[in-house]
Every structure is written in structure tokens, then in C-alpha cells.
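Visitor: Hi, I have a few quick questions about this structure. Can we start with how its helices pack?

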Amino acid sequence: MRIDRKDIEEHNEGLRAKHERAFNFIAEDIANLEDVIAKLEKFQIAIPSWALGTGGTRFGRFSGKGEPGNLEQKIEDVGLLHALNQSSGAISLHIPWDIPQDAEKIKELAASYGLAFDAVNSNTFQDQPGQEHSYKFGSLQHVDPKVRRQAIQHNIEVIKHGIALGSKALTVWLADGSSFPGQLNFREAFQNTLESLKEIYAHLPEDWKLFVEYKAFEPNFYSTTIADWGQSLLLANKLGDKAYTLVDLGHHLPNANIEQIVSLLLMEGKLAGFHFNDSKYADDDLTAGSVKPYQLFLIFNELVDGMDARGIDHATGLGWMIDASHNLKDPLVDLLQSVDAIKIAYAQALLVDRTALKEAQQRNDVVAAQEILQHAYRTDVRAIVAEARLRRGAALNPVALFNELDVRNKLVEERGAQSVATGL
Ligand SMILES: [Mn+2]
């Protein structure tokens with residue numbers, strides 16, 4: 001299914017008067033309004049190929065209907081999102097769940113929806129059919145060099161698929177670790193991981209980046225071999241200039257100050273980018289901004305400040321991606337909500353009066369500093385984000401249009417009710 005431009009225009013026409021009232025109301029008070037809108041128009045958030053189906057928990061999976069059954073349909077789904085919001089212009093592939101059989105054809109299909117290929121993701125956290133060695137006790141960290149060799153080869157294969165598609169980064173997330181004290185020698189596990197990553201790094205093209213993702217716990221419960229930003233940064237620094245630390249919002253222990261982590265990684269020039277999601281307790285993979293929107297704003301506040309300090313282009317300098325799972329909502333609607341929440345937090349961060357904040361910090365004016373941040377956070381920027389969408393030819397209200405056009409039922413008609421997406 002493709003969304004007709006006329007449907008978008010008709011939808012926007014119906015909402016135009018209301019939108020203009022809301023937009024004009026907020027526009028009057030924002031000095032850098034045009035700059036904010038221009039930045040919002042450019043800002044794209046990649047969609048992972050594994051987030052288009054219904055996910056599950058450890059206890060079960062309640063499949064949705066009309067899920068994309070192959071890579072072509074996954075690209076179609078991201079194309080639908082992008083048509084609705086003009087903010088999801090890239091797809092991030094997971095190998096081996098989404099191996100392109102004909103890279104050129106897949107590239108053409110993606111381009112027809114205005115999509116590029118974001119980072120490619122390797123998978124050594126589960127065994128694949130026919131695989132010689134098991135990853136039950138780890139992959140790049142494994143005590144057996146034959147297992148490490150297999151995992152390294154897999155990552156090299158993933159890079160090859162990425163090159164064929166025009167990706168520019170490899171994301172490595174490892175489930176490696178241990179579930180019981182004494183199971184693992186920490187130093188050996190780290191050294192094995194480093195040596196394995198060095199071999200993978202050696203296969204990166206010149207203009208590629210290696211994103212080293214960390215996670216505090218799960219699936220292992222006692223130790224994770226790349227458990228936090230310090231361990232990831234240690235690896236990235238040892239690997240070289242093309243290696244960076246990737247922050248996934250759900251991969252921290254409760255109450256971690258993620259905005260501070262981001263700030264320092266940016267300062268060091270080692271922040272790869274983001275996997276957005278939200279959580280209450282652990283790696284809950286919930287809709288971005290649904291539980292802790294103020295935290296999301298504070299993170300963007302540091303991102304904007306840090307990117308501007310280093311002259312980094314907001315839209316292209318870092319990797320922006322959603323990494324979430326949807327077990328209750330329609331995945332496509334959930335993704336639209338996440339992208340909107342991310343852009344709202346970004347817009348609010350662009351409104352922060354940085355000169356005044358700096359001055360407040362210099363005179364230890366704690367009250368003024370809080371006022372400045374909360375003034376930006378409490379500004380209702382939804383009409384500004386909608387205006388940016390409107391100017392790009394997207395829908396004023398993507399979720400509403402998704403429902404108006406009955407997109408899910410049309411996908412069920414095309415694909416059948418039983419179609420299930422590959423993934424977790
Ligand atoms: Mn992630």
C-alpha cells in the first residue's frame with residue numbers, strides 16, 4: 001500500500017484552520033522559530049526492521065495482523081510511516097532476519113519510498129538454523145576461538161550486506177556475559193571481545209563507523225561483558241577513530257543519569273547516536289516519551305548543547321534510531337507516536353535560552369537555571385512540529401490519518417491476517 005498525496009492534502013485541509021490558530025499562538029513568542037522549523041524538517045529518525053511486527057515478552061506473544069512477512073513489506077511499512085510524517089526516512093536492517101536477496105532491487109524499492117539504509121545490525125545473541133557453533137555461552141567473548149571466529153565472520157558478512165545497500169555503520173550489540181558468579185573471567189572475556197572487535201573493525205570501509213552498544217543486564221543476569229558506557233568507551237577508544245559508543249535509553253540501571261552520559265560522550269567525540277525507547281523498570285522497550293518525557297527533553301538539551309559546541313550537524317552528525325518493541329499497540333502507530341515524541345523533545349531543547357542558562361550557571365543561580373529549562377519543556381511545541389511536517393508534505397496528524405485511511409485493515413487485506421514479521 002502507498003499513501004496518496006491527495007489523501008494527505010485532504011486531511012491537512014480539514015485540520016488547517018485549527019492548526020493555524022495553534023501555530024500562530026505559539027509562533028509569536030519564539031524568536032528563532034524559522035530556525036527551529038528548518039531543523040525539525042531535516043531531522044530523521046531511522047526505523048529498525050525488527051520493530052514492524054508485534055513483539056512479545058518472556059511469557060508470550062500476541063501477534064498482530066497484517067505484519068510484514070518479508071523485507072519488501074518491511075520497507076513498505078517504513079515507507080508508509082515516512083509518507084505520514086516525513087521524519088522516518090531510513091530503515092535499519094537486522095542480519096540475518098532481513099538479508100536482501102537482491103541488494104540493487106531492495107535499494108531501488110527503498111528509494112521509491114524516499115528511504116535510505118541506516119546502520120546494519122549483527123546478531124550473535126541467538127543461534128541460527130544450521131549454525132556450526134552455539135552462542136549459548138557468548139560470541140565475541142567466547143572461551144573457544146572457533147566460536148569467536150564464527151561470530152567475527154558473521155559481522156564481516158553483515159558489513160558486506162551493508163556496503164551493498166549503502167549503509168555507513170555497523171551496530172554491534174552483544175548478549176555476552178554471565179549469569180552466575182565464577183562463570184566467567186571478566187578480564188579474559190573483555191580481552192576476547194576486544195580482539196574480536198579489532199578484526200571486525202579492520203573490515204570496516206573508510207567512511208564507516210562501528211557502533212558499540214552496551215547494556216547493563218539481560219539476557220545475562222550477573223555480568224554483561226559490555227555493560228555500561230565506560231566499558232563501551234574503553235573498547236571504542238582502543239579500537240580507533242571509527243568506533244563509537246551507542247546509547248540505548250533502555251540499557252541502563254534504574255535512575256541512571258543518561259543526559260550526563262550523553263554530555264560526556266559528546267565532549268569526547270565518541271557518541272555514536274541513539275536507540276530511542278522508554279521504560280519504567282528495565283529494558284521495557286516502550287514508546288519513546290511515554291513514561292519519562294522530561295528525561296527525553298533533558299537528553300536532547302545536552303545533545304543540542306553538545307552538538308552545537310562541536311559544530312555537529314543535528315540531522316546527520318549522529319545516528320538516530322528507534323529501538324522498541326510493541327506488544328499491545330499497532331507497531332506502526334506506536335512508531336508514529338515515538339517519532340513525534342522524539343521531535344517534540346528535540347523542538348523543546350531547541351527553545352532553551354542557552355545564553356541565559358550559561359549566565360545562570362555562572363552565578364550559581366539554581367532557580368533561574370531550572371526556570372529556563374522548564375520554561376522550554378512546558379512550552380506546547382506540538383503545533384511547531386506539525387508545521388514542520390506540513391511544510392515537508394506530511395500529515396498534520398499522522399496517527400489520525402493512519403486511522404482515517406484504515407491502513408492496518410488494508411495491510412491485512414493485502415497480506416492476510418496470519419502474516420508474522422521476523423524478529424523477537
Ligand atoms: Mn538497542
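Guide: Sure. This is a predicted model. In it, Val36, Ile37, Leu40 and Glu41 of α2 meet Ile384, Val385, Glu387, Ala388 and Arg391 of α13.

Visitor: What classes do the residues in that contact of α2 with α13 fall into?

Guide: Six are nonpolar and three are charged. There are no polar ones.

Visitor: At what angle do α2 and α13 pack?

Guide: At about 60°, with the axes 9 Å apart. Helix α2 covers residues 33-42, and helix α13 covers residues 382-391. That angle makes α2 oblique to α13.

Visitor: Is the crossing of α2 and α13 left-handed or right-handed?

Guide: Right-handed.

Visitor: New pair. How do the axes of α11 and α12 cross?

Guide: At roughly 160°, and the axes come within 8 Å. Here α11 is residues 354-362 and α12 is residues 366-377. Angles over 145 degrees count as roughly antiparallel, so α11 and α12 are roughly antiparallel to each other.

Visitor: Which residues make that contact?

Guide: From α11, Ala356, Leu357, Ala360 and Gln361. From α12, Ala368, Ala369 and Ile372. By class, this contact of α11 with α12 has six nonpolar residues, one polar and no charged.

Visitor: And which hand is the crossing of α11 and α12?

Guide: It is left-handed.

Visitor: Switching topic. What does UniProt list for residues 100-285?

Guide: The unreviewed entry lists "domain: Xylose isomerase-like TIM barrel" there.

Visitor: How much of that stretch, residues 100-285, is helix and how much strand?

Guide: It is 37% helix and 16% strand. The end C-alpha atoms of the stretch are 26 Å apart.

Methods. Residues numbered from 1 in each chain as written. Predicted model: local features only at pLDDT ≥ 70, side-chain atom pairs only at ≥ 80, totals over all residues. UniProt positions renumbered as here; feature names shortened; annotations may be inferred. Helix = DSSP H or I, 4+ residues; strand = E, 2+ residues; numbered from the N terminus. Axes fitted to C-alpha atoms, helices over the stretch in contact; angles between N-to-C directions. Parallel < 35°, antiparallel > 145°, perpendicular 65-115°, else oblique. Left-handed = near helix turned anticlockwise from the far one by under 90°. Contact = placed C-beta atoms within 7 Å. Nonpolar A, V, L, I, M, F, W, Y, C, P; charged D, E, K, R; others polar.
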